[in-house]
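Q: I have a structure open here and would like to talk it through piece by piece. Can we start with the helices and go on from there?

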Amino acid sequence: MDLAVLKEYFPFLIPLIILQIVLSITALIHVLRHPRYRFGNKVMWVLVVLFIQFIGPALYFALGRGEE
Amino acid sequence: MTGYLAFLKKEVIEYIRTYKLFIMLIVFAVFGITNPLMAKLMPEILESLATDGVIITFPEPTAYDAWTQFFKNATQIGLVVIVILFSGILSSELSKGTLINLLTKGLSRTAVILSKFTCMVMAWTVSIALCFGLTYGYTMYLFPEDQTSNLLFSVLCLWLFGLFLLAALLFSASLTKSNYGCLLITGVVVLVCMLMNIIPALHKYNPISLSTDNIGLIVNSIDVTSLYSVILISCLLSLIFVSLSVLIFRKKQL
């Protein structure tokens, strides 16, 4: 894919990338600050949150987040 | 009334603090952006899969394809995400025992159910509006010359189906004690609707038509007036589900 084609999709890619970064960072901060999970450990959740796009952080907030 | 408003405020704060609203907004925003994009890229993706010697031609993508993606994603993934997120709407509070203090201090049980329903509907409305707005904007940007008909009405039907589903969810939450039971009963309600859809005569009165006829409305193959009876029935059923859950919750042993 050359640069011209890529440029055509910039208005789509930039918001998506921003959303992904916001989601990962929010989840990452939560993982690090609340070290009690329903299952799994810190290393696992950090990897899930950082490397699975969109679904990872959503999974963490829906299933992995422990009770305060 | 004051109990209702106070509890509504508590619900909104809960949605924000437990990141429920955050996840819903992000999921629907991502769909909103990717719907038109997928419609635009799908022919190219399929062409790149074709091996040499085989020539596959695809029609030029249109705004209809973008809206097809929108209605497919919103009903299949969006509603599933919402139902899963809200499956603990009553059971989490019952198992933690956080409701008991409030109820013994005089908060009416009706107010609890009604404010929970209001808050779920508000969250669903905001999410679908965000998704619709983004899809609309990007579809306009990618396919500026395509015209669609009955678009708002079609989205309104989808919204109403979501409302019906949330009413069913609340009803099943008041019946059971765990969130799996709640998911199960909601699933059964949807399944019954789907099975009833096999009989063509019932199609006019089945709430699930609200989520299956959307594309037909946009391309004008389905008449708007044919959906009026379904809209009436869905509203009535939602009302019945909510009133039943109020009645059940008032009798329920906590």
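Q: How many residues does α7(B) have, and how far does it reach from its first C-alpha to its last?
A: Bear in mind throughout that this is a predicted model. With that said, α7(B) has 25 residues and reaches 37 Å from its first C-alpha to its last, which is close to the 36 Å expected at 1.5 Å a residue.

Q: Is α7(B) mostly covered or mostly exposed?
A: Mostly covered, since by the cut-off of under 20% relative accessible area for a buried residue, 21 of the 25 residues of α7(B) are buried.

Q: And which helix gives the most to the largest nonpolar core?
A: The core itself holds 93 residues, and those that touch the most other members are A:Tyr60, B:Trp67, B:Phe70, B:Phe86, B:Phe117, B:Met120 and B:Leu166. Helix α7 of chain B, residues 151-175, gives the most to this core, with 17 residues. As general background, nonpolar side chains in soluble globular proteins tend to be buried together.

Q: What is B:Phe70 in contact with, leaving aside its neighbours within four places in sequence?
A: Its partners under that condition are B:Asn35, B:Ile128, B:Cys131, B:Phe132, B:Thr135, B:Val155 and B:Leu158.

Q: Back to helices: what about α3(B), where is the kink centred?
A: The kink in α3(B) is about 35° and is centred on B:Ala74. Helix α3 of chain B covers residues 63-86, and its 24 residues reach 32 Å from the first C-alpha to the last, close to the 34 Å expected at 1.5 Å a residue.

Q: New topic, charges. How many salt bridges are there over all chains?
A: The count comes to 5 over all chains. A network of them links B:Lys10, B:Glu11, B:Glu14, B:Glu93 and B:Lys116.

Q: Which residues does B:Lys10 pair with?
A: One partner is B:Glu14, with the closest N and O atoms 2.9 Å apart, and another is B:Glu93, where the closest N and O atoms are 2.7 Å apart.

Q: Why can B:Lys10 and B:Glu14 meet, in terms of the helix?
A: They sit 4 residues apart in helix α1 of chain B, residues 2-17, so they are separated by about one helical turn. In general, an α-helix has 3.6 residues a turn, so residues three or four places apart point the same way.

Q: And where do B:Lys10 and B:Glu93 lie?
A: For the pair with 2.7 Å between its closest N and O atoms, B:Lys10 lies in helix α1 of chain B and B:Glu93 in helix α4, residues 91-96, of chain B, so the pair ties together parts that are 83 residues apart in sequence. B:Glu93 is buried at a relative accessible area of 5%, whereas B:Lys10 counts as partly exposed at 28%.

Q: What does B:Lys116 form a salt bridge with?
A: The partner of B:Lys116 is B:Glu11, the closest N and O atoms being 2.9 Å apart. B:Lys116 lies in helix α6, residues 109-142, of chain B and B:Glu11 in helix α1 of chain B, so this pair ties together parts that are 105 residues apart in sequence. Both B:Lys116 and B:Glu11 are buried.

Q: Sticking with helix α6, is B:Thr139 buried or exposed?
A: B:Thr139, which lies in helix α6 of chain B, is buried, with a relative accessible area of 4%. Apart from neighbours within four places in sequence, B:Thr139 is in contact with B:Pro36, B:Ala63, B:Ala66, B:Trp67 and B:Pro144. B:Ala129 is also found in helix α6 of chain B, but B:Ala129 is partly exposed, with a relative accessible area of 44%.

Q: How many salt bridges cross the interface of chain B and chain A?
A: The rule finds 0 salt bridges there. The area buried between the two chains is about 1,600 Å², of which carbon and sulfur atoms give 82%, and 18 residues of chain B are in contact with 17 residues of chain A.

Q: Last thing, backbone angles: what phi does B:Tyr19 have?
A: B:Tyr19 has a positive phi of about 65° although it is not a glycine, and its place is in the loop between α1 and α2 (20-49) of chain B. B:Asn220, again not a glycine, has a positive phi of about 70°, and B:Asn220 is placed in the loop between α10 (214-218) and α11 (228-251) of chain B. For background, most residues other than glycine have a negative phi.

Notes
Residues are numbered from 1 along each chain as its sequence is written. Chains are lettered from A and ligands numbered from 1 in the order in which they are written. This is a predicted model: local features need pLDDT of at least 70, side-chain atom pairs count only at pLDDT 80 or more; totals for chains, interfaces and linings use all residues. Side-chain values use heavy atoms; hydrogens and water are left out. A salt bridge is a side-chain nitrogen of Lys or Arg within 4 Å of a carboxyl oxygen of Asp or Glu. Helices (H or I, at least four residues) and strands (E, at least two) are DSSP runs, numbered from the N terminus. Buried means under 20% relative accessible area, exposed over 50%, partly exposed in between (1.4 Å probe, protein chains only). The expected span of a helix is 1.5 Å times one less than its number of residues. The bend at a residue is the angle between axes fitted to the seven residues ending there and the seven starting there. A nonpolar core is a set of buried Ala, Val, Leu, Ile, Met, Phe, Trp, Tyr and Cys residues joined through side-chain atoms within 4.5 Å. Contact means heavy atoms within 4.5 Å. Buried area is the accessible area (1.4 Å probe) that two parts lose on being put together, summed over both.
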